[in-house]
Amino acid sequence: MTIAPFTTLTGAATPLLRANVDTDVIIRIEHLTGTPRSELGRHAFEALRYLPDGRADPACVLNQATFSGAPILLAGPNFGCGSSREHAVWALQGMGVRCIVAPGFGDIFHGNCFQNGVLAIRLPMAVVERLGRLCSEGAPMTVDLQACTITAPDGGREPFPIDAHRREMLLSGLDDIGLTLRDDARIRAWQLA
């Protein structure tokens, strides 16, 4: 699969610093069938964004105009835990999210992010909280995958670790299969040897 290459991303970062946000909170089960992928974004985080009567909850950070379409999500520990639904990543993409920064992720969700072109960065909670404070009014931050750094609104730079293979996937705009197919001629030559 070809995805948009990820090099540098600048934009608002929504501070949703709740712990253990599972994939059912990101996209509810009733939207896994019958809802086109292109429409999943409007259903993302329904349990958090809407009151029981269906009205938007004004207290929810995801409903603030400042963060509408924000490309970066700052999340709490164990983000994306629970079931392995890839729809959770698709729903986040439908909201405009291209990068998630959290202390930790559900393992399958973390892998699904990279397979779909979303950069999932692990940083200590204290760092994520500091970024959340700096970005709480909508000030943009920059994520540079080439340099593996985040530049906060105050100009501070935070390095982040990333697996070299996953970094190459995002920089190239390819999933695992796409990366493998780049070496198709070498693979065929080896098979024939």
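Two rings of Phe, Tyr or Trp count as an aromatic pair if their centres lie within 6.5 Å; planes under 30 degrees apart make the pair stacked, and planes over 60 degrees apart make it edge-to-face. In this predicted model, the structure holds two such pairs.

One pair is formed by Phe-79 and Phe-109, whose ring centres are 5.5 Å apart with 75° between the planes, an edge-to-face arrangement. Phe-79 sits in the loop between strand E3 (72-75) and helix H3 (87-95), while Phe-109 belongs to helix H4 (residues 107-115), so this pair ties together parts that are 30 residues apart in sequence. Phe-105 and Phe-109 form an aromatic pair as well, here a stacked one, with 6.3 Å from centre to centre and 20° between the planes. Ring pairs thus link Phe-79, Phe-105 and Phe-109 into a cluster. As for accessibility, Phe-79 and Phe-109 are both buried, and Phe-105 is buried too.

The loop between strand E2 (13-16) and helix H1 (23-26) contains Asn-20. Is Asn-20 buried, exposed or partly exposed? Its relative accessibility is 46%, and partly exposed covers the range between 20% and 50%, so Asn-20 counts as partly exposed. Beyond its neighbours within four places in sequence, Asn-20 is in contact with Pro-77, Asn-78 and Cys-81. With Asn-78 there is also a polar contact between the side chains, at 2.9 Å. Thr-7, by contrast, is 13 residues from Asn-20 in sequence, and the two C-alpha atoms are 29 Å apart in space.

Next comes the sheet. Four strands make up an open sheet in the order E1-E6-E7-E8, with antiparallel pairing. Its edges are strand E1 (8-11) and strand E8 (157-159), each of which pairs on one side only. From one strand to the next, the twist averages 15°. Strand E7 (residues 149-151) pairs with E8 in the antiparallel sense over three bridges. One residue pair to look at here is Thr-151 and its bridge partner in E8, Arg-157.

Helix H6 (residues 164-172) can be followed from one end to the other. At the N-terminal end, Asp-163 acts as the cap: one of its side-chain oxygens lies 3.0 Å from the backbone nitrogen of His-165. Just after H6, Gly-173 takes a positive phi of about 75°.

Technical notes:
Residues numbered from 1 in each chain as written. Predicted model: local features only at pLDDT ≥ 70, side-chain atom pairs only at ≥ 80, totals over all residues. Heavy atoms only, no water. Polar contact = N/O pair within 3.5 Å; in protein donor to acceptor, adjacent residues only side chain to side chain. Helix = DSSP H or I, 4+ residues; strand = E, 2+ residues; numbered from the N terminus. Pairing = 2+ DSSP bridges. Axes fitted to C-alpha atoms, helices over the stretch in contact; angles between N-to-C directions. Buried < 20%, exposed > 50% of the residue type's maximum accessible area, 1.4 Å probe, protein only. Contact = heavy atoms within 4.5 Å. Phe/Tyr/Trp six-rings, centres within 6.5 Å; stacked < 30°, edge-to-face > 60°.
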